[in-house]
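Please work through the exercises below with the sequence and the model open beside you. Each task is followed by a solution that goes step by step.

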Amino acid sequence: MTTEVTSFTGAGPHPAASVRRITDDLLQRVEDKLASFLTAERDRYAAMDERALAAVDALTDLVTSGGKRVRPTFCITGYLAAGGEAGDPGIVAAAAGLEMLHVSALIHDDILDNSAQRRGKPTIHTLYGDLHDSHGWRGESRRFGEGIGILIGNLALVYSQELVCQAPPAVLAEWHRLCSEVNIGQCLDVCAAAEFSADPQLSRLVALIKSGRYTIHRPLVMGANAASRPDLAAAYVEYGEAVGEAFQLRDDLLDAFGDSTETGKPTGLDFTQHKMTLLLGWAMQRDTHIRTLMTEPGHTPEEVRRRLEDTEVPKDVERHIADLVEQGRAAIADAPIDPQWRQELADMAVRAAYRTN
């Protein structure tokens with residue numbers, strides 16, 4: 001199984017090349033762990049039924065289709081910065097579990113967002129819906145595709161739990177908080193989209209618990225706990241909350257203004273699904289006509305983009321991202337870790353906030 005991963009660590013020159021190299025070595029072990037785990041599952045179901053095998057293959061294809069491995073990277077960096085032993089297989093299992101949980105969330109997100117593309121390929125529910133159509137099977141192809149997508153997403157969730165069970169027990173409390181928060185955040189996101197109320201406070205809460213904590217804050221703390229350094233939690237939390245919010249705000253801007261050939265998914269999904277992001281919440285407070293553009297038939301995402309630019313809210317969001325990055329860097333500046341790892345975390349804050357996909 002070969003995986004092409006856009007490494008979150010490899011972004012330009014770095015004075016502490018050895019720090020990056022250690023992280024990359026562990027990330028490769030995470031890839032190997034995911035590959036061996038999924039190969040074993042495929043072997044287990046190979047003799048059972050081709051439909052069972054197809055489900056494992058669909059999940060494997062998504063896991064191995066690319067990705068930045070942001071959550072495993074923060075988990076591993078938090079662990080190594082805390083003095084964790086690079087040879088410990090437990091941290092590899094924890095990081096692999098985080099990536100598998102992320103894949104589960106992506107599959108379910110694509111169904112909720114009615115997205116046809118992920119990482120430049122058809123989404124799982126789209127593939128199964130097309131399969132239903134092509135065979136002329138009974139029932140509704142959309143319900144079939146979404147149903148199978150939910151089940152394969154749940155399979156990834158089960159696998160994530162199985163992987164994290166191989167991690168040090170000290171990570172489990174933080175892991176359970178992460179799992180519950182991402183689901184609560186998703187519920188809040190769906191409700192906010194249905195209500196379509198310009199409430200920046202709710203938008204920030206959704207961004208925080210659905211994305212920020214799940215992406216940066218809790219993976220970092222899991223790493224520290226795995227290394228028996230709970231004393232780092234306060235600095236990691238402050239850093240993670242700020243950088244996590246910046247990460248999500250960049251995601252909002254990429255959805256609105258990004259290049260789908262780089263992001264691997266359609267742009268403008270937040271508009272068509274009425275997602276109440278902080279970007280849209282701020283813009284609607286300044287210009288009520290944006291609500292009309294998003295809710296009444298006959299308007300295009302391009303019209304919404306132009307109107308957003310007219311409000312200059314995207315510039316305000318960029319300034320807020322810059323402030324959040326500085327907050328994160330300041331939070332880690334005096335953390336009781338090696339200076340090379342402080343610098344690495346400071347650099348990671350910039351890469352998370354200013355990525356292009």
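The exercises that follow concern acidic and basic side chains in a predicted model.

**Exercise 1.** Locate glutamate 174, decide whether glutamate 174 is buried or exposed, and find the side chain with which its own side chain makes a polar contact.

Solution. Begin with the secondary structure, where glutamate 174 is found in helix α7, a helix that covers residues 172-195. Next, take the relative accessible area of glutamate 174, which is 6%; because buried means under 20%, glutamate 174 counts as buried. Then turn to the surroundings: once neighbours within four places in sequence are set aside, glutamate 174 is in contact with His217, Arg218, Val221, Met222 and Asn225. With one of these residues, arginine 218, the side chain of glutamate 174 makes a polar contact at 2.5 Å. Finally, widen the view to the salt bridges, where Glu174 and Arg218 belong to a network that also includes Arg177, Glu181, Arg213 and Glu241.

**Exercise 2.** Classify glutamate 41 and arginine 44 as buried or exposed, and state how their side chains meet.

Solution. First place the two residues: both lie in helix α1, and they are three residues apart, which is about one turn of the helix. Their side chains meet in a salt bridge with an N to O distance of 3.0 Å. Now apply the cut-offs to each partner in turn. Glutamate 41 has a relative accessible area of 6%, so glutamate 41 is buried, the limit for that class being under 20%. Arginine 44 has a relative accessible area of 53%, so arginine 44 is exposed, since exposed requires a value over 50%.

**Exercise 3.** Which salt bridges does arginine 69 form with glutamate 31 and glutamate 99, and which parts of the chain do these pairs link?

Solution. Start with glutamate 31, which forms a salt bridge with arginine 69 in which the closest N and O atoms are 2.7 Å apart. This pair joins distant parts of the chain, since glutamate 31 sits in helix α1 (residues 17-46) and arginine 69 in the loop between α2 (50-63) and α3 (70-81), with their positions 38 residues apart. Continue with glutamate 99, whose side chain meets that of arginine 69 in a salt bridge of 3.0 Å, N to O. Here too distant parts of the chain are linked, with glutamate 99 in helix α4 (residues 89-112) and the two residues 30 residues apart. As a last step, consider burial: glutamate 31 and arginine 69 are buried, and glutamate 99 is buried as well.

Note on methods:
Residues numbered from 1 in each chain as written. Predicted model: local features only at pLDDT ≥ 70, side-chain atom pairs only at ≥ 80, totals over all residues. Heavy atoms only, no water. Helix = DSSP H or I, 4+ residues; strand = E, 2+ residues; numbered from the N terminus. Buried < 20%, exposed > 50% of the residue type's maximum accessible area, 1.4 Å probe, protein only. Polar contact = N/O pair within 3.5 Å; in protein donor to acceptor, adjacent residues only side chain to side chain. Contact = heavy atoms within 4.5 Å. Salt bridge = Lys/Arg side-chain N within 4 Å of Asp/Glu carboxyl O.
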